[in-house]
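Reader: I'd like to talk through a model with you, and I'd like to hear the reasoning behind each label. Could you take me through it?
Author: Gladly; here it is.

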Amino acid sequence: MGQGIKRKLDVYETEKTPQNQRQSIVDISVCKLQVNKSVKKVEPSLLRSVLILNTLKHIESELRKEGHCAPTNTTAMDIPEVNPNSTVIDFLPDQPIQVSNDSNSATEQFGPLPSIDTFVGNRSVSSEKITMETSSFPVITESSLTTIYPTTLRIDDIFNDLEFNIADYDIFSSVGNNKLTPLSADEVLHSCPNSSSPFGSDSFATLSNASLSPFCKSESAFEDLDNIMQILVGS
Amino acid sequence: MNGSTQRLARDTGMISPTKEKGSTFGSKQLHKIQSMLHHRPRAGSWGSKEKTDKHLQNNHGNGGEIQWCFSQVKGTIEEDITEADIISCVEFNHNGELLATGDKGGRVVIFQRDGKVEDQPHSPGNKSFHTHGEYNVYSTFQSHEPEFDYLKSLEIEEKINKIRWLQRSNPANFLLSTNDKTIKLWKVTERDKRAEGYNLKDDSGILRDPTSITSLRIPLLKPMELLVEASPRRIFANAHTYHINSISVNSDQETYLSADDLRINLWHLEVTNQSFNIVDIKPANMEELTEVITAAEFHPTECNLFVYSSSKGTIRLCDMRERALCDKHAKLFEEPEDPTNRSFFSEIISSISDVKFSHNGRYMVTRDYLSVKVWDLQMDSKPIETFQVHEYLRSKLCSLYENDCIFDKFECAWSGNDRHIMTGSYNNFFRMFDRESKKDVTLEASRENVKPKTVLKPRKVCSGGKRKKEEISVDCLDFNRKILHSAWHPQENILAVAATNNLYLFASKD
């Protein structure tokens, strides 16, 4: 968007109403946070993601002050569903709060903001201990994923793009510090047909405990993940 | 000789271009010339692309204000920009004799200033080393290569984020260069002598037939064409989870810091397998992350002090003597927000993209999206001076947010005497601020202004209403031509300005 050489007066400048501008900023922000890995294979900038997220949070608090939102769960772990048919953001089913949704209404709805990890690449290499409580795992449902991303994306594309926050393992820290023979891309991909991210056994237990997980699809997934773990720890 | 030169290039990472008339240092030429013997090009031999500013008569009496003239431009004039040629950092060394640039392709190009030996004006026969020389290519090498992180299935760019010189303590020059993840210490050495007359080998390296050796001879050092070699001396890797945005060498010249989005590490130049974490702002729960580190720098003289800036517009001064982990700052510099200017983008435009200490160590300058601010280290409540860089963009923030320009990170620089500050803008404009006279000027880095001896014409942007003749309207600015990286000579009024894939050198008229 907007990659042109010379800029003309942008159409957004002409719509001066604060709500319109607010809505358009929200739209732009959500688009920006969708990591488009087909364009760039590099980790997205954390600074940029944080700034965009803070802008969204700022708008959310403004809306709340103006009384547009029902009280939300501010420990935001749910991902807002973006209905591709409208530009309104709804809550996730986890806490079903019905907000009236007039298609012509100027009021905006706003869900709890997602964790930054949902949009930012995996930051797995770290030497901290993880507290793998279920609550720290972003609850991602298949249905919510399809509504966040345009329906034209296949589920496989989504899973390949997303790096989940199974971050901060000990296992990955020890892996990162040791000199391992790097796996070829082929080896990693072939060992896990459903996703490009290997998971550790700790997190897998959490995965199976989590209410919904896109990876608990079949027994073969378990075996694949075990294979990956063996490759990683060099056993 | 070709074969051995090739091996040398691979081992040491040395690539130095020969002087070729009309050649540029674009990527195509670099790869072609690896097989040739390297030597430093002589002054004034860079061909038609360059126009040089010859030394002029002294021009005093302008109140200390600087009149800038075009001096040199390096790089291709082709319209199509090769991504790898985009300059990503510019840095003078401590006496300004060397100028290093890094690019997106992971290469480092070092320019050296040529001096002319001339008669002193008042005593002919006494020669003085005339320092108003040109900068010419001295050495080029591939510093970083792209890497692939298999765990995250992501590429690590080879783009050079920062270069910092060490002060010279021996005839070799050392610099640190870093990409997103790895810092390297490079040693740049000159060789202008060669030993000739070995006993066991002849001059081309072929072993002599032992039976033909009838007497011993002592090898003699003979001069040779200057050869500049760069070799990686240390590699500091695996210490940063996030992208490195700054490196800064301490005044003790033994340690340096490296900063990524959430952590700052302290290194000893001799030790590559260990670094100390001195700042960590990563929250236990990443969902609570609201602020990242954007830049960090050591104090120029106090080896225990450093500052780091944040995405929320704050600067923290830390003292390493107080505690090992400097999460708690000694001073927090923050200006309260101006309520009249609040917008959705207030936080984004307050994010500090660069922080630099003044040479005397009493002040620091910060650059946020629309302004530069000078802070007195003794006063943390507000800056002592604020200069608007391109206030006409304030009404365009929504569009700039949409096209991502609002996230551009501009650098800033002090003049050698700490009186002036410069920073870049769009449309290849750059801004100069005189702290004493409070005057500012907008200049353009363009090949159209390449008349030697002529002072650069100030540019002006009009934000609306009637456009005067020489002015340019905000809507006509080219947001793809931005000056993010620039450097000011440490002692003289010479500016190195990176405009995408070209490097401009400007000098003051006197």
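Reader: What share of the 235 residues in chain A is buried?
Author: Buried residues make up 45% of chain A. Please keep in mind that this is a predicted model.

Reader: Thanks! Which elements does chain A have, and in what order do they run?
Author: Chain A holds 10 helices and two strands. Reading from the N terminus, the order is α-α-α-β-β-α-α-α-α-α-α-α. The exposed area of chain A is about 12,000 Å², and carbon and sulfur atoms supply 52% of it.

Reader: And what does chain B contain?
Author: Chain B has four helices and 35 strands. Of its 510 residues, 55% count as buried. Chain B exposes about 23,000 Å², with 49% of that supplied by carbon and sulfur atoms.

Reader: What makes B:Cys412 buried?
Author: The relative accessible area of B:Cys412 is 0%. Buried means under 20%, so B:Cys412 is called buried.

Reader: Why is A:Cys31 called partly exposed?
Author: A:Cys31 has a relative accessible area of 46%. Buried stops under 20% and exposed starts over 50%, so A:Cys31, at 46%, is partly exposed.

Reader: While we are on cysteines, how many disulfides does the structure hold?
Author: Zero, over all chains. To be counted, a pair of cysteine sulfur atoms would have to lie within 2.5 Å.

Reader: Why is strand β24 of chain B described as largely enclosed?
Author: Because five of the five residues in β24(B), residues 363–367, are buried, the strand is largely enclosed by the rest of the structure. Both faces are covered: B:Tyr363, B:Val365 and B:Arg367 are buried on one side, and B:Met364 and B:Thr366 are buried on the other.

Reader: How do you know that β23(B) and β24(B) pair?
Author: Four bridges join β23(B), residues 354–357, to β24(B). Pairing takes at least two bridges, so β23(B) and β24(B), with four, count as paired, and they run antiparallel. B:Phe357 stands opposite B:Met364 in β24(B). The two strands form a hairpin with five residues between them, and B:Gly361 in the turn has a positive phi of about 80°.

Reader: What joins β24(B) to β25(B)?
Author: Five bridges, in the antiparallel sense, link β24(B) to β25(B), residues 371–376. The bridge partner of B:Val365 is B:Val374 in β25(B). Here too there is a hairpin, with three residues between the strands.

Reader: What is notable about the phi of B:Asn428?
Author: B:Asn428 has a positive phi of about 60° although it is not a glycine. Most residues other than glycine have a negative phi. B:Asn428 lies in the loop between β28 (420–424) and β29 (429–434) of chain B. With a relative accessible area of 6%, against a cut-off of under 20%, B:Asn428 is therefore buried. B:Lys438 also has a positive phi, of about 65°, and is not a glycine. B:Lys438 is found in the loop between β29 and β30 (440–444).

Reader: Last one: why is B:Phe70 called buried, and how far from B:Lys509 does it lie?
Author: B:Phe70 sits in strand β2 (residues 68–74) of chain B. Its relative accessible area is 1%, which is under 20%, so B:Phe70 is buried. B:Phe70 and B:Lys509 are 439 residues apart in sequence and 9.1 Å apart in space, C-alpha to C-alpha.

Technical notes:
Residues numbered from 1 in each chain as written. Chains lettered and ligands numbered in written order. Predicted model: local features only at pLDDT ≥ 70, side-chain atom pairs only at ≥ 80, totals over all residues. Heavy atoms only, no water. Buried < 20%, exposed > 50% of the residue type's maximum accessible area, 1.4 Å probe, protein only. Areas by Shrake-Rupley, 256 points an atom, 1.4 Å probe, with all protein chains shown as cover.
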